[in-house]
Amino acid sequence: MATLTGPDLIHAQLKKIGIKIVSGLPDDWLIALMTRIDKDPDIVQVRVAREPEAVGVCGGAFFGGTPACAVMGIAGLLACGHEFALFNSAHQVPLFILSTLRGTLEDPRTYQVAQGLIGLDYLDAIEVPHMTIDRVEDIELIPAAYNRSRLVKRTFACFFTKSVLHHGMETLPGGH
């Protein structure tokens, strides 16, 4: 029997929630997850040029009554501060985000270090709740995180480590 990969397990939780729209811009750690989502005929994936556009797509889905989530790297998430403030403070629109936890010991890219140094502190400063999923067993917490974003009518970000996103994959996308 084939081992379920990190993307398979995350996708299964999105199905459990009832997500119908995923919008985002991939970073190299998210390619396998977005490829897995593309294979699901029940989920529409909307690619965007900039991450704030994914926030807009998910906001529109919310107002249309369709469960959605945004998928983006932490660098893109950091570019969305204005949208988080507008959606959360002015309109109380919940937004659920799946993101990468870059700039850690798992990440050999020097250009990602800054995101790792300031990313979570930045979200704390603008009061965006978040959690890090660093064990495959904790992927099952995704529905609770999604429900929390709905309950508090705020953005909620789930960060994934590279080891979780690439769990069970023999070759990594892009050879990384």
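Val 22 in strand β1 faces Gln 45, its opposite number in strand β2. The two strands, β1 (residues 21-25) and β2 (residues 44-47), run parallel and are joined by 4 bridges; two strands are said to pair if DSSP finds at least two bridges between them. Helices (H or I, at least four residues) and strands (E, at least two) are DSSP runs, numbered from the N terminus. This is a predicted model, in which local features need pLDDT of at least 70 and side-chain atom pairs count only at pLDDT 80 or more, while totals for chains, interfaces and linings use all residues. Residues are numbered from 1 along each chain as its sequence is written, and side-chain values use heavy atoms, with hydrogens and water left out.

Together with helix α2 (residues 31-38), β1 and β2 make a right-handed β-α-β unit. A crossover is right-handed if, with the strands pointing away from the viewer, the path from the first strand over the helix to the second runs clockwise.

The wider sheet comes next. Its 6 strands form an open sheet in the order β2-β1-β3-β4-β6-β5, and the pairing is parallel. At the edges lie β2 and β5, each of which pairs on one side only. Neighbouring strands of this sheet are turned by 20° against each other on average, direction ignored. Such angles run from 0 to 180 degrees between N-to-C directions, with axes taken as lines fitted to C-alpha atoms, for helices over the stretch in contact.

Strand β4 offers a good place to look inside the sheet. On one side, β4 pairs with strand β3 (residues 68-72) in the parallel sense over 3 bridges, and Val 71 stands opposite Leu 98. Strand β4 is also joined by 6 bridges to strand β6 (residues 155-160), again in parallel, and here Ser 99 stands opposite Phe 159. Which way do the residues of β4 point? Leu 95, Ile 97 and Ser 99 point one way, Phe 96, Leu 98 and Thr 100 point the other way, and all are buried. In a regular strand, side chains alternate between the two faces of the sheet. Buried means under 20% relative accessible area, exposed means over 50%, and partly exposed is in between (1.4 Å probe, protein chains only). Because 6 of the 6 residues of β4 are buried, this strand is largely enclosed by the rest of the structure.

At the other end of the sheet, 4 bridges join β5 to β6, and these strands run parallel. His 130 has Ala 157 in β6 as its bridge partner. Helix α6 packs on the sheet, touching β5 and β6, and its direction makes about 150° with that of β5; contact means heavy atoms within 4.5 Å. Helix α7 (residues 142-152) lies across β3, β4, β5 and β6 and runs at about 135° to β4.

Helix α3 (residues 51-63) allows a simple check of length. Its 13 residues should span 18 Å at 1.5 Å a residue, and its end C-alpha atoms are 19 Å apart, which agrees; the expected span is 1.5 Å times one less than the number of residues. Among the buried residues of α3 are Val 55 and Cys 58. Just after α3, Gly 65 takes a positive phi of about 80°.

Cys 58 leads on to the cysteines. A disulfide is a pair of cysteine sulfur atoms within 2.5 Å, and by this rule the count comes to 0 disulfides. Cys 58 is in none, as the nearest cysteine sulfur, that of Cys 69, is 6.4 Å away. The relative accessible area of Cys 58 is 5%. The sulfur of Cys 158 is 9.3 Å from the closest cysteine sulfur, in Cys 69, and that is too far for a bond. Cys 158 is buried as well, with a relative accessible area of 0%.

Three loop residues complete the picture. Gln 92 has a positive phi of about 55° although it is not a glycine. This residue is found in the loop between α5 (81-91) and β4 (95-100), and at 49% relative accessibility Gln 92 counts as partly exposed. Glu 127, also not a glycine, has a positive phi of about 60°. Glu 127 has its place in the loop between α6 (113-125) and β5 (130-133) and counts as exposed at 58% relative accessibility. Is Asp 27, by contrast, buried or exposed? At 14% relative accessibility, Asp 27 counts as buried. Asp 27 is found in the loop between β1 and α2. Leaving aside its neighbours within four places in sequence, Asp 27 is in contact with Gly 73, Thr 100 and Arg 102.
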